[in-house]
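Student: I've got a model open and I'd like to talk through its rings, charges and buried spots. Can we go through it together?

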Amino acid sequence: MRPLSLFGQGSHCFFTLDWMNDTTAFSPGPVLGLETSCDETAAAVIDADGSVLANVVASQHAVHERFGGVVPELASRAHVEMIERVVVAALEESKLSWQSLSGIAVTQGPGLAGALIVGVNYAKTLAYMLHLPLVGVSHLDAHIASAWLEDPNFPRPSIVLVVSGGHTHLYRKDTDGATQLGCTRDDAAGEAFDKGAQMLGLGFPGGPALDRLAQSGNPSAIPFPKTSLRRGSLEFSFSGLKTALLYKVQGMGEDELARRKADLAAGYQEAIVTVLVDKALLAVQQTGVRALAVVGGVSANSRLRVLVQERAAALKVPVSIPPMRFCTDNAAMVAAAGRTALAAGHRMAIDAEPFTTLEPALATIQPG
Ligand code: KG4
Ligand code: ZN
């Protein structure tokens with residue numbers, strides 16, 4: 001990044017930051033997105049028409065692998081090391097200059113506090129130096145926006161199922177916002193995948209490994225409970241399923257476990273994805289909104305992608321599932337959500353802090 005002195009402040013800096021809150025300052029053009037909420041350092045540029053010009057993701061999997069999960073302090077440090085390089089790479093990929101950017105969007109939360117601080121402070125500094133409007137974006141809002149990255153004409157309203165490592169939420173997404181219809185009472189779907197993978201000794205990150213192993217297993221060989229909670233409920237629960245897997249693993253000797261591991265993975269995965277698809281289609285039925293999007297890291301799951309397409313097609317409900325690069329954490333979705341928020345006049349104040357939970361959220365999502 002260029003030093004502030006290049007911009008003429010010298011050693012005595014009297015910042016006048018009113019323009020950062022100026023709601024008129026955004027003129028439609030390329031938007032830079034930044035994402036550092038967990039263990040991916042990502043930057044992307046989208047054009048004025050919403051097309052993705054650059055999408056760079058530096059994954060920290062190698063950093064956290066030997067610990068079997070994300071270590072927050074290591075995540076923050078890795079973001080500090082990577083963010084500059086990732087942003088520069090994104091700008092190079094977009095073939096744009098700093099001056100041609102129109103605005104910056106950054107994930108403000110929810111996520112790991114230290115990890116978010118890196119992205120938010122970097123974005124504030126960059127916005128100040130480039131004199132650009134800045135907006136903070138909710139990570140969930142960003143995942144929701146990913147459903148329209150490839151096809152901006154996909155219908156709204158739409159039901160959106162957000163399934164990631166930290167969230168399992170159902171929304172009704174309208175043009176001007178989203179309403180929460182349901183969420184998980186305990187584990188997130190991604191957490192269920194990761195913990196299941198851990199029980200099966202599959203390493204980190206667990207979701208993709210369990211997905212791969214399940215492909216060689218029989219999903220009906222070993223029965224697992226599919227928790228629906230009460231009839232008509234749009235809430236989720238995965239803790240019983242997780243316990244069921246634990247008991248099955250503990251009840252098998254080493255040989256049997258080795259022999260039946262793929263069947264365990266396939267049955268466990270089938271129970272998760274069946275409940276996800278059941279509830280998403282129940283939301284379609286209950287609201288009468290006849291479009292469904294599935295987003296977030298777990299939407300990369302091969303079985304979920306097939307099952308939701310099959311079941312929705314049978315009901316003639318159009319489905320949007322982002323391509324793999326926009327399922328797991330990325331900054332294109334942040335830039336997309338940010339572009340809408342900037343155009344609507346939202347701005348991040350210079351003293352704004354990251355939020356680590358969903359509660360103080362969001363410009364555009366209302367609780368159900
Ligand atoms: O959205 P994401 O990249 O980060 C969060 O916001 O949490 O989602 C990460 C989650 C992890 O739990 C990971 O195991 C899961 O998505 N995941 C998968 C697959 N790929 C990623 N779960 C199941 N099958 C996959 N292929
Ligand atoms: Zn995510």
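Tutor: Sure, let's take it question by question, keeping in mind that this is a predicted model.

Student: What average pLDDT does the protein have?

Tutor: Confidence varies along the chain: residues 1-16 have a pLDDT below 50. Still, 90% of the residues score at least 70. The protein's average pLDDT is 91.

Student: How are the rings of phenylalanine 224 and tyrosine 268 arranged: stacked or edge-to-face?

Tutor: The model has three aromatic pairs, and this is one of them. Ring centres 5.9 Å apart are within the 6.5 Å limit for a pair. The planes meet at 75°, and over 60 degrees counts as edge-to-face, so this pair is edge-to-face.

Student: How many residues apart are those two partners?

Tutor: Phenylalanine 224 is in the loop between α6 (206-214) and α7 (239-250). Tyrosine 268 belongs to helix α8 (residues 254-287). The pair therefore links distant parts of the chain, and the separation is 44 residues.

Student: Is tyrosine 268 buried or exposed, and what is its relative accessible area?

Tutor: Its partner phenylalanine 224 has a relative accessible area of 9%, which is under the 20% cut-off and therefore buried. Tyrosine 268 is buried too, with a relative accessible area of 0%.

Student: What about phenylalanine 236 and phenylalanine 238: stacked or edge-to-face?

Tutor: Their centres are 6.3 Å apart. Both residues are buried, phenylalanine 236 at 0% and phenylalanine 238 at 1% relative accessible area. The planes are at 20°, and under 30 degrees is the criterion, so the pair is stacked.

Student: Which residue lies over the face of phenylalanine 224?

Tutor: A charge has to be within 6 Å of the ring centre to qualify. The distance for phenylalanine 224 is 5.2 Å. The residue over its face is lysine 248.

Student: And which ring does the charged end of arginine 325 sit over?

Tutor: The charged end of arginine 325 is 4.6 Å from the ring centre, and the limit is 6 Å. The ring belongs to phenylalanine 326.

Student: Which residue's backbone oxygen does the side chain of serine 158 reach?

Tutor: Serine 158 lies in strand β6 (residues 158-163) and is buried, with a relative accessible area of 0%. Beyond its neighbours within four places in sequence, its contacts include Trp148, Tyr171 and Val289. Its side chain reaches a backbone oxygen at 3.2 Å, and that oxygen belongs to alanine 291.

Technical notes:
Residues numbered from 1 in each chain as written. Chains lettered and ligands numbered in written order. Predicted model: local features only at pLDDT ≥ 70, side-chain atom pairs only at ≥ 80, totals over all residues. Heavy atoms only, no water. Phe/Tyr/Trp six-rings, centres within 6.5 Å; stacked < 30°, edge-to-face > 60°. Helix = DSSP H or I, 4+ residues; strand = E, 2+ residues; numbered from the N terminus. Buried < 20%, exposed > 50% of the residue type's maximum accessible area, 1.4 Å probe, protein only. Lys NZ or Arg CZ within 6 Å of the ring centre and 35° of its normal. pLDDT = per-residue confidence, 0-100. Contact = heavy atoms within 4.5 Å. Polar contact = N/O pair within 3.5 Å; in protein donor to acceptor, adjacent residues only side chain to side chain.
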